[in-house]
Structures are given as C-alpha cells and as structure tokens.
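Dear colleague,

Please find below the structure I am handing over to you. My notes on it follow directly after.

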Protein chains: 2
Amino acid sequence: MRSGFGQFCPVAVACEVFAERWTPLILREMFAGSMHFNDIRRGVPLISSALLAQRLRSLEARGVIVRESAAQGRSSSYRLTDAGREFKPVIEGLGAWGQRWTVRVSRDTLDPGFLMWNMHRRIDLARLPNGRTVLRFDYSGVPARCRGPRQFWLLLDRHGCGICVEDPGLEVDLCIDADLATMTSVWLGDTPLADALRSRKVRLLGPRTLVREFPAWLMLSRFAHIQRPASHAPGP
Amino acid sequence: MRSGFGQFCPVAVACEVFAERWTPLILREMFAGSMHFNDIRRGVPLISSALLAQRLRSLEARGVIVRESAAQGRSSSYRLTDAGREFKPVIEGLGAWGQRWTVRVSRDTLDPGFLMWNMHRRIDLARLPNGRTVLRFDYSGVPARCRGPRQFWLLLDRHGCGICVEDPGLEVDLCIDADLATMTSVWLGDTPLADALRSRKVRLLGPRTLVREFPAWLMLSRFAHIQRPASHAPGP
DNA sequence: CGGTATCCCCCGCGATACTG
DNA sequence: CAGTATCGCGGGGGATACCG
C-alpha cells in the first residue's frame with residue numbers, strides 16, 4: 001500500500017502527517033506536556049519502543065517536532081514546533097467528539113497506570129495545603145489483563161506532582177480507595193465524584209480537612225466538562 | 001495489529017473511528033456534498049471499491065453516517081448523522097494545517113479529474129449570466145500517470161453545475177486553456193489567478209464579457225484563503 | 001534511560017473479476 | 001450504478017534482544 005493518498009487536497013496532505021496509527025496519541029501526549037521518550041510511552045503504553053522511535057523520526061522529518069539532544073548527556077527531548085502546535089485544535093476536536101459520542105469505559109480500556117499518569121498532571125497545585133502531601137491510590141476491580149501495579153503514590157507540593165509505583169516510604173496523608181471503572185468514569189466526567197463517594201465506590205481515608213479538600217484538587221480530564229448531546233446522555 | 005488503542009482517552013476512541021486510512025477523506029467528501037457511492041469515489045479516486053464499501057459500513061456501524069436505500073431502486077445514499085457532522089471542525093482543522101504548512105502541488109498529486117470534481121462544486125452560480133453557460137477546460141502538463149481525460153466540460157446554470165468528460169455536443173461559451181500545475185496552484189490559493197493569466201499559463205478564450213467575469217465565478221478551494229505563516233510563505 | 005537491530009507473522013489493502 | 005467475492009502480497013508493526 002502506498003503510504004500517501006496522492007491528492008493535493010490540504011486535508012489529504014495533513015492526514016499523511018497526522019493520521020498515521022499512534023501519531024495523534026503521541027501528539028496528544030506532547031500537548032499534555034511530555035517531552036521525553038519514556039514519558040511519551042507512559043501516555044501511550046501499548047506502542048512498541050521501535051515504533052515510537054520511528055514515529056518521532058517521521059514527525060521530526062515533517063517539521064512537527066524537533067529533537068534536542070541534551071548538551072552532555074544521553075537524554076534528549078522533543079518539542080512541538082510552531083507547525084506541531086497548530087495541530088492542537090485537531091486534537092481538541094477529536095477529544096470533544098470522543099467525549100460527546102462514545103462510551104469509553106470498558107474492560108478493554110481500563111488501565112490504572114494510564115489513569116494515574118493522566119491524573120498526576122491534573123492536580124490543582126495552587127489549592128494544596130502548604131508543604132508536602134502524600135496520596136495513595138488503591139484500585140480494585142482491575143482487569144486481569146493489566147500488568148502493572150494497582151497501588152500508586154502521588155507526592156504533591158506547590159511545585160509539582162511526582163508519581164510513584166513503589167512505596168516511597170513516606171507517611172501517607174490521604175488514601176483513595178477506588179473501584180477502577182468508577183474512578184475512570186469520574187475522571188472522564190461521566191460520574192460526579194460526589195456520586196461515587198456516596199455510593200462508596202470511591203472512598204477517601206484520612207483527616208477530615210484533606211477529605212473535604214481533595215475533590216477541589218483533582219481536576220478531571222481536559223474533556224470532562226464537555227457535555228454529551230441530550231440524545232446521547234448516559235442513563236442515571 | 002490490534003485495531004484499537006486500548007485507551008479510554010476520548011482522543012484515542014475518536015481516532016479509532018476517524019483516523020483509519022481513507023476515512024478522513026471519505027468524510028471530507030461527504031461534507032463537500034457527496035451522498036452516493038460513486039460520487040464519493042470521484043473525490044477519493046484511489047480507494048478501491050471494496051475498501052470504500054468496507055469503510056462506509058464501518059462508519060455506519062459507529063453511527064457516523066446512515067445509509068438510506070432508495071424506495072424502489074438499487075440506488076442508496078449516505079448521509080452524515082449528527083455525530084458525523086461534528087467531525088467538521090476536525091476536517092477543517094486538518095485542512096487549515098495542510099494549507100499552512102505543506103507543499104501540495106507535486107507530480108504525484110496532480111490530477112485533472114480530481115481538480116475538476118472539486119472545482120465543479122465551487123462555482124458561484126449566483127454570479128452566472130442568465131441561461132446556460134458551457135465551459136471547456138483543456139489541460140496541458142498532465143503527468144503520464146494520470147489515466148483519465150484532460151478535457152472537461154462544465155455545464156452551468158443557476159440551478160447547478162454538471163461535469164462532463166465527453167463532448168456533450170453543445171456550443172462552448174468559454175474555453176480555459178491551462179497548465180495543470182498552475183491551475184492547481186491557483187485552486188489552492190498559492191498563485192493568484194491574475195498572475196496565472198498574466199504569465200499565460202492559464203488562458204481564457206471567449207467573449208470579453210465572459211473572460212472578464214470568469215474569475216468571479218470560480219470560487220477556490222475552501223482552504224485557499226487561509227494564510228501561510230510568514231516564516232513559511234512560498235517564494236515569488 | 002533512550003533508544004537500535006532483527007526476525008517474522010499476519011492482515012490490510014490493492015487488483016481483478018463478477019453480479020443484480 | 002452500486003457494490004460483492006476472491007486472491008495474493010508487502011510491509012507495518014509486535015516481540016524480543018541488545019547497546020551506549
């Protein structure tokens with residue numbers, strides 16, 4: 001199969017750059033802030049290493065990203081160019097469509113590691129208490145398919161949010177005990193967190209102050225606020 | 001390769017529907033007004049019949065289009081659903097990106113039939129003279145690869161525009177003699193029609209009135225008016 | 001960490017022919 | 001016109017191992 005479409009139409013040419021398998025997800029990940037190879041992989045865990053490298057090379061060749069080798073290390077980083085940044089409306093349009101017209105939570109898409117990787121970038125740091133706050137998430141209802149851990153620590157302070165997959169040995173301030181499907185649904189905006197707490201599918205264990213404040217820290221998915229069409233609303 | 005991406009992210013789920021090979025072009029064609037199988041094929045000439053049928057079935061199954069079988073004929077038609085129509089901003093975003101950041105006219109993308117198929121939908125019918133106007137386009141500089149004809153008739157009146165590939169036997173009111181690459185560049189907004197006329201790479205043969213009015217009838221590509229970034233402007 | 005190198009399978013897709 | 005049926009291939013990409 002010839003790779004291109006053989007058309008001068010701007011949509012066709014853009015598709016040759018943008019619409020290859022995995023590429024929109026790689027760009028989504030870079031818009032979310034990832035700049036390093038393995039950070040991108042955490043956001044697109046099912047892509048193989050070889051293929052990610054190939055896609056990044058292709059995007060670089062087409063002027064969508066630039067690769068910058070760190071001065072004296074093996075660490076290199078990738079940034080969107082001006083051209084790459086202009087794919088943002090396309091990614092946002094796709095996300096809005098997916099939010100409005102699809103069911104996303106299913107056995108095949110649940111993944112606690114992926115959920116946490118997304119969540120850790122959507123903590124409203126400005127609302128945190130002073131000093132460090134340590135959260136632990138314990139997930140139940142994780143599909144057997146999922147390889148990784150089902151327990152995660154978030155280390156929060158005003159300057160950032162670190163994610164740990166092994167016990168960092170710090171005192172945990174607040175523990176979130178959650179059914180994975182429910183928490184994913186909350187993240188996507190399909191279930192209000194208050195409902196999930198009321199039904200006890202998500203439980204917050206810790207000091208009252210933190211329990212009360214937690215919902216305000218946790219910003220949801222960038223698309224969570226987009227409303228479904230009335231004709232397609234989820235049942236109660 | 002598993003077809004999906006295994007992610008609950010709305011972007012990923014939307015990509016499973018939208019970002020398959022050929023699918024964005026099929027939708028572009030439907031947004032441009034095509035509703036029948038072979039009309040869509042004229043806008044996506046390199047897709048095979050079998051694959052187009054498969055893609056249409058897939059889009060129908062995902063609720064993006066509906067297929068309506070005509071009451072008593074073999075003719076069926078396809079329409080975008082509400083969900084399908086909401087891909088419009090995505091297509092437009094891709095087209096805008098392609099317009100701003102790519103070179104589209106090359107030996108591999110030139111195609112007089114495809115150009116005419118697009119052009120015939122972008123004639124400003126309201127500006128036409130009364131009655132019927134017959135145009136004939138004669139293309140030179142057509143790559144050997146192109147199979148079809150290099151001469152086309154447009155039959156214009158206030159109610160529509162018909163495209164013919166064989167001599168309809170009507171008197172031609174205006175003949176457009178054009179280098180294909182130049183006309184394509186004009187269509188895409190990269191070359192002003194006035195420049196192409198001045199350099200005589202496009203020539204209009206007919207009564208003065210029609211010659212003067214023609215540029216006003218010919219609307220260009222929907223993306224032609226989108227400006228390139230200053231850093232990426234085409235040379236003079 | 002940040003990738004390459006290889007192998008090899010499988011299926012997406014193009015080509016062609018055919019049908020109501 | 002509007003597709004279906006069938007076949008065969010090419011290369012995309014998954015798996016695995018390896019390297020600086």
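**Contacts with DNA strand C**

In this predicted model, an N or O atom in the side chain of A:Asn38 is 3.2 Å from a phosphate oxygen of DNA strand C. The other chain takes part as well: B:Arg55 places a polar side-chain atom 2.6 Å from a phosphate oxygen of DNA strand C. A base is also approached, since a polar side-chain atom of A:Ser49 lies 3.2 Å from a base nitrogen of DNA strand C. Two or more residues each are given to the surface near the strand by α3 (37–43), α4 (49–61) and β2 (76–80) of chain A, and by α4 (49–61) of chain B. Of these, α4(A) supplies the largest share, namely four residues.

Around DNA strand C there are 17 residues, and those that come nearest are A:Met1, A:Phe37, A:Arg67, A:Tyr78 and B:Arg55. Of the atoms of DNA strand C that come within 4 Å of the protein, 84% belong to sugar and phosphate. Sorted by class, the surface near DNA strand C comprises seven nonpolar, five polar and five charged residues.

**The sheet in chain A**

Chain A contains an open sheet of five strands with mixed pairing, in the order β5-β4-β3-β6-β7. The edges are formed by β5 (160–164) and β7 (202–205) of chain A; each has a single partner strand, so one side of each is left without a neighbour in the sheet. From one strand to the next, the twist averages 20°.

At one of these edges, β6 (residues 174–179) and β7 of chain A run antiparallel and are joined by four bridges. Within this pair, A:Ile176 has A:Leu204 in β7(A) as its bridge partner. Helix α8 (residues 180–187) of chain A lies across β3 (133–140), β6 and β7 of chain A, and runs at about 100° to β6(A).

**Relation between the two protein chains**

How many degrees must chain B be turned to be laid on chain A? A turn of 180°, with a shift of 0.0 Å along the axis, lays chain B on chain A with an RMSD of 0.0 Å. This is therefore the relation of a two-fold axis. The interface agrees with that description: 100% of the interface residues of chain B are also interface residues in chain A, so the copies meet through the same surface.

With kind regards

Methods. Residues numbered from 1 in each chain as written. Chains lettered and ligands numbered in written order. Predicted model: local features only at pLDDT ≥ 70, side-chain atom pairs only at ≥ 80, totals over all residues. Heavy atoms only, no water. Near = heavy atom within 4 Å. Polar contact = N/O pair within 3.5 Å; in protein donor to acceptor, adjacent residues only side chain to side chain. Nonpolar A, V, L, I, M, F, W, Y, C, P; charged D, E, K, R; others polar. Pairing = 2+ DSSP bridges. Axes fitted to C-alpha atoms, helices over the stretch in contact; angles between N-to-C directions. Contact = heavy atoms within 4.5 Å. Least-squares fit on C-alpha atoms with pLDDT ≥ 70 in both.
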